[in-house]
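Here are a few short exercises to work through with the model open beside you. Try each task yourself before you read the solution.

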There are 4 protein chains.
Amino acid sequence: MTRRRSDTRERIRQTALELFLERGYDQTSLREIAERLGVTKAALYYHFKTKEELVASLGEDVDRNLAELVGWGRSQPSTPEVRRELLRRLSVIVSEFAPVARFFQENQAALRTVRGEQRNREHMIALTELITAPDPSTEDRIRAVSALFSVFFGPFALEHLEGDPEANRATLLKVAAEILRLPDPE
Amino acid sequence: MTRRRSDTRERIRQTALELFLERGYDQTSLREIAERLGVTKAALYYHFKTKEELVASLGEDVDRNLAELVGWGRSQPSTPEVRRELLRRLSVIVSEFAPVARFFQENQAALRTVRGEQRNREHMIALTELITAPDPSTEDRIRAVSALFSVFFGPFALEHLEGDPEANRATLLKVAAEILRLPDPE
Amino acid sequence: MTRRRSDTRERIRQTALELFLERGYDQTSLREIAERLGVTKAALYYHFKTKEELVASLGEDVDRNLAELVGWGRSQPSTPEVRRELLRRLSVIVSEFAPVARFFQENQAALRTVRGEQRNREHMIALTELITAPDPSTEDRIRAVSALFSVFFGPFALEHLEGDPEANRATLLKVAAEILRLPDPE
Amino acid sequence: MTRRRSDTRERIRQTALELFLERGYDQTSLREIAERLGVTKAALYYHFKTKEELVASLGEDVDRNLAELVGWGRSQPSTPEVRRELLRRLSVIVSEFAPVARFFQENQAALRTVRGEQRNREHMIALTELITAPDPSTEDRIRAVSALFSVFFGPFALEHLEGDPEANRATLLKVAAEILRLPDPE
DNA sequence: TATGAATGAGTCTTCATTCAT
DNA sequence: AATGAATGAAGACTCATTCAT
């Protein structure tokens with residue numbers, strides 16, 4: 001039963017996410033995580049200094065991806081094509097990290113003080129600005145927020161929607177683009 | 001300085017909401033609420049049987065309003081005008097109960113097991129159906145969810161937006177109607 | 001079985017002191033104190049916010065007495081009679097609070113960060129200065145420290161000494177006075 | 001940069017003593033020692049079977065020296081000269097092992113169950129007897145204890161005293177001899 | 001209408017220690 | 001000579017809740 005270095009660390013993260021989603025962050029104790037995993041609490045502490053560090057580690061991948069997306073957005077001119085691409089890429093990230101994203105969304109209050117979560121919030125604000133038309137009216141700003149929310153939260157609300165998930169995502173994206181009044185791509 | 005029946009009960013609710021918003025539901029203890037109010041924990045228990053009953057009581061007004069709105073919607077024919085009116089009325093409710101709505105939104109995971117919160121979730125689903133065009137395509141469903149989310153979450157994201165709040169709300173509503181593809185009212 | 005207000009608080013202090021003396025501060029857990037007392041740990045926390053507050057409370061009486069003694073000393077002229085009286089009064093305090101004094105003495109390192117203990121240390125330094133002859137030579141300083149230590153630690157070392165404790169205390173005091181080179185009182 | 005046998009062992013002892021002095025025995029964990037040293041906890045266990053064995057090893061040198069001193073004292077006739085020499089030699093030992101001595105003094109309660117510390121306490125009792133005049137009165141016993149305490153604790157209290165440390169030690173010794181009523185040496 | 005005192009269950013966290021490699 | 005991974009036991013502390021007064 002060989003086990004490569006820190007297989008355990010990864011299993012802890014997965015089990016933690018599972019339980020955090022099932023029962024909520026504050027209602028999930030490290031004891032429960034350890035038990036479901038079949039290790040001792042102390043083993044968790046060997047791999048993560050605190051419960052907060054564990055949860056922060058769950059947000060790191062999203063954080064990295066969003067940071068990169070924001071970086072890319074900032075390096076581009078503010079054209080409709082770029083804004084459309086930003087929405088598209090965000091939607092890819094959200095669907096790739098759906099469970100984590102959902103967890104953070106449902107536990108906002110509980111995670112307010114967690115480092116990583118603060119960064120993610122900042123990224124969302126940055127993205128909102130990037131998809132907002134230059135020199136925006138109040139209505140433009142509202143459109144930006146609406147479009148972003150649709151892309152971000154939509155998948156959770158639509159989880160049980162029939163049909164091909166990829167097609168649904170495309171439709172969601174189309175609606176979001178329409179909210180933003182992006183011209184149809186050829 | 002007369003004090004109407006159960007002034008205290010109301011003050012407990014307000015202080016609780018305040019703290020729940022500041023620190024999150026699970027991170028707020030009854031001790032903290034009692035302390036900020038200058039009474040004993042036991043006093044809280046005189047007015048509310050449990051912490052859960054206290055938080056449930058916070059959702060009751062919203063619950064009543066949403067229930068009424070759903071009831072009204074169901075009693076109407078499914079016309080564009082009715083759907084527009086549903087959005088408008090929802091937006092009024094959200095803005096009237098903004099703090100409570102925000103609290104429930106940010107503490108979804110923590111409140112999943114709370115009676116009142118489950119009812120509110122059901123109301124939102126019912127509303128989604130009511131504003132969905134009859135015989136809907138997948139895209140119609142997506143539009144319905146997007147519109148509803150915009151009306152519901154928009155205010156939180158736009159809290160710091162400049163300009164007259166009433167005017168902003170009207171604009172938000174206009175955007176939502178557009179997402180739903182409701183024809184312009186005359 | 002009537003019990004006057006906060007009988008319990010006092011019983012906690014006594015039991016704590018007992019155990020702290022038997023097993024040392026750090027080796028004594030609140031669980032042990034609670035068990036020996038027949039209450040729950042939570043009951044201890046009802047009366048003392050932390051373990052540190054509990055131990056600090058044990059030092060308060062000594063603190064008060066030493067503070068008063070230092071105050072008195074400072075209000076007096078620096079004569080041999082006053083210095084002799086300072087030693088005498090200190091010896092009374094030490095014997096009145098022998099268990100507490102011993103506990104603090106044996107757990108210096110563990111208590112270094114406890115508020116009350118810091119104050120007591122300062123009092124001892126102040127007393128050392130007060131019993132030091134004015135314009136002291138190095139030797140005078142050494143005499144002061146030696147005399148004070150004898151009065152303070154002597155009783156612990158002499159606990160098992162035969163003979164009348166009061167008489168022993170008088171002898172100890174006489175030796176201390178001699179160390180300080182105080183002239184015999186008439 | 002050759003490294004003699006068990007350089008590490010010695011560095012562990014030093015770091016441990018450092019930390020024990022800074023934070024107290026019970027408040028110092030093996031993790032802290034290992035971290036300050038830049039090794040793993042497991043490395044400590046390679047060199048010392050337990051934490052207790054580590055701390056015991058710190059007392060060994062003092063133990064050996066005191067044992068030897070007691071042995072010497074027992075082999076001598078009980079003359080004033082011998083008693084004076086005992087005080088002198090003790091004072092040399094205390095000043096050579098000042099940090100260790102201080103550590104044991106400040107952590108008495110924590111170390112009560114440590115083998116080495118018990119032996120040291122016995123040595124001190126033996127020394128007290130050796131410096132007590134034969135056929136002693138109560139006062140003689142008190143003098144012996146006072147003198148011994150002065151020699152043993154004095155240095156810690158006088159640490160910040162100005163002047164040449166060697167000269168101070170000599171003065172301390174002179175005072176101690178006077179407490180014991182030893183006649184002046186020619 | 002409220003309080004003071006208490007509890008039982010649970011939380012996160014740390015520790016000394018072990019052992020295969 | 002030393003490490004990485006893990007454990008079992010325990011620690012301080014907090015919480016929602018109860019109840020006699």
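**Exercise 1: a charge and a ring**

Find out which ring Lys51(A) lies over, and then look at Lys51(B).

*Solution.* Start in chain A: Lys51(A) sits over the face of Tyr25(A), 4.3 Å from the ring centre. Now move to chain B, where Lys51(B) lies over the face of Tyr25(B), at 4.3 Å from the ring centre. Keep in mind that you're looking at a predicted model.

**Exercise 2: pairs of rings**

Work out how the rings of Phe20(A) and Phe103(A) are arranged, then do the same for Phe152(D) and Phe156(D).

*Solution.* Over all chains, the structure holds 33 aromatic pairs. Take Phe20(A) and Phe103(A): their ring centres are 5.3 Å apart and their planes meet at 20°. Planes under 30 degrees apart count as stacked, so this pair is stacked. Next, see where the two residues come from: Phe20(A) is in helix α1 (residues 7-23) of chain A and Phe103(A) in helix α6 (residues 98-106) of chain A. They're 83 residues apart, so the pair links distant parts of the chain. Both Phe20(A) and Phe103(A) are buried.

Now for chain D. Phe152(D) and Phe156(D) have 6.4 Å between their centres and 85° between their planes, an edge-to-face pair. Here both residues belong to helix α9 (residues 138-157) of chain D, 4 residues apart, or about one turn of the helix. Phe152(D) and Phe156(D) are both buried too.

To finish, look for a cluster that ring pairs build from residues of chains A and B. Its members are Phe149(A), Phe152(A), Phe153(A) and Phe156(A), together with Phe149(B), Phe152(B), Phe153(B) and Phe156(B).

**Exercise 3: buried or exposed?**

Decide whether Arg13(D), Arg181(B) and Asp135(C) are buried or exposed.

*Solution.* Begin with Arg13(D), which is in helix α1 (residues 7-23) of chain D. Its relative accessible area is 14%, and buried means under 20%, so Arg13(D) is buried. Leaving out residues up to four places away in sequence, Arg13(D) touches Phe48(D), Leu54(D), Ser57(D), Leu58(D) and Asp61(D).

Go on to Arg181(B), in the segment after α10 (165-179) of chain B. Its relative accessible area is 53%, so Arg181(B) is exposed. Check its backbone as well: phi of Arg181(B) is near 60°, a positive value in a residue other than glycine.

Last comes Asp135(C), in the loop between α8 (115-131) and α9 (138-157) of chain C. With 77% relative accessibility, Asp135(C) is exposed. Its phi is near 55°, again a positive value in a residue other than glycine.

**Exercise 4: around the DNA**

Find how many residues surround DNA strand E, and which are the closest.

*Solution.* There are 35 residues around DNA strand E, and the closest are Tyr45(A), Thr40(B), Thr40(C), Tyr46(C) and His47(C). Of the strand's atoms that come within 4 Å of the protein, sugar and phosphate account for 64%.

Then pick out single contacts. A polar side-chain atom of Tyr46(C) is 3.0 Å from a phosphate oxygen of DNA strand E, and one of Tyr45(D) is 2.9 Å from a phosphate oxygen. Lys41(A) goes for a base instead: an N or O atom in its side chain is 3.2 Å from a base oxygen.

Finally, sort the surface near DNA strand E by class: you'll get 14 nonpolar, 12 polar and 9 charged residues.

Methods: Residues numbered from 1 in each chain as written. Chains lettered and ligands numbered in written order. Predicted model: local features only at pLDDT ≥ 70, side-chain atom pairs only at ≥ 80, totals over all residues. Heavy atoms only, no water. Near = heavy atom within 4 Å. Polar contact = N/O pair within 3.5 Å; in protein donor to acceptor, adjacent residues only side chain to side chain. Nonpolar A, V, L, I, M, F, W, Y, C, P; charged D, E, K, R; others polar. Buried < 20%, exposed > 50% of the residue type's maximum accessible area, 1.4 Å probe, protein only. Phe/Tyr/Trp six-rings, centres within 6.5 Å; stacked < 30°, edge-to-face > 60°. Lys NZ or Arg CZ within 6 Å of the ring centre and 35° of its normal. Contact = heavy atoms within 4.5 Å.
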